[in-house]
Amino acid sequence: MKNVVGFKSRWIVLVGMVFLLPILGGCQDEELPEGEIRLSEIQDNPDYASLPLIGTQWKLIGFVDGRRERLRLTEPTNENSYTITFLTNGEFSGTTYANGMAGKYEASEIDSSLKILEFGLKSFAGEIHDSPMYTESLKNSSDFNLSPKGLALYYDSQKFMLFKPQ
């Protein structure tokens, strides 16, 4: 009888360990693909939340997947690419990877809505890397949020572009 009880106890422990292994393995830090970081790695700056949407020149950091809390850094990065400035007259200007861009927008601080009404590029030369995604995401923007991380322009309920002031 003692052997049967001892065998059952060991068996229960062994089965329990087998079920715990996936849980313990899931607690390890997952390695991210190249060019992708956790959103928490973006340093907060409390001053960003009080910056005005209009009149500030914004520089794209990357594209955020809010469900996964991950940010894919913009490729390539240089000082003059992927910028936008919203002007007081309802127009905006900025740059893609290789071109200037301009257009008209409508924004409301009351409900944090933002809509691109008109969008144009100065030329189509060299629109490579993240330029197509940047321009499409801008065209589909519906909301914005100013936070200590920067300016978020939402183009989907859980996806947004994250900008910092330049």
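This is a short walk through one protein chain and the strands near its C-terminal end.

Hi everyone, and thanks for having me. What you see is a predicted model, where local features need pLDDT of at least 70 and side-chain atom pairs count only at pLDDT 80 or more, while totals for chains, interfaces and linings use all residues. Residues are numbered from 1 along each chain as its sequence is written, and side-chain values use heavy atoms, with hydrogens and water left out.

Let's begin with the whole chain. It has two helices and ten strands. By that I mean DSSP runs numbered from the N terminus: helices are H or I with at least four residues, and strands are E with at least two. Reading from the N terminus, the order is α-β-β-β-β-β-β-β-α-β-β-β.

How many of the 166 residues are buried? The share is 34%, where buried means under 20% relative accessible area, using a 1.4 Å probe and protein chains only. The exposed surface of the chain comes to about 10,400 Å², with 55% of it supplied by carbon and sulfur atoms; these areas come from the Shrake-Rupley method with a 1.4 Å probe. As for contacts, meaning heavy atoms within 4.5 Å, 56% of those with a separation of 6 or more link residues 24 or more positions apart.

Now to the strands, and please find β8, residues 143–147. It pairs with β9 in the antiparallel sense over five bridges; two strands count as paired if DSSP finds at least two bridges between them. Only a short link is needed here: β8 and β9 form a hairpin with two residues between them.

Next comes β9 itself, residues 150–154. Is it mostly covered or mostly open? Four of its five residues are buried, so to speak the covered kind of strand. On its other pairing, β9 runs antiparallel to β10 with four bridges, and a hairpin of four residues joins the two.

Ala 152 is a nice residue to click on. Its bridge partner on the β8 side is Asn 145, and in β10 its partner is Leu 162. Also in β9, Tyr 154 stands opposite Phe 160 of β10.

Finally, which strand joins β10, residues 159–165, by seven bridges? That is β2, residues 57–65, and the two run antiparallel. Within this pair, Lys 59 is matched with Lys 164. Thanks for listening!

Methods. Buried means under 20% relative accessible area, exposed over 50%, partly exposed in between (1.4 Å probe, protein chains only).
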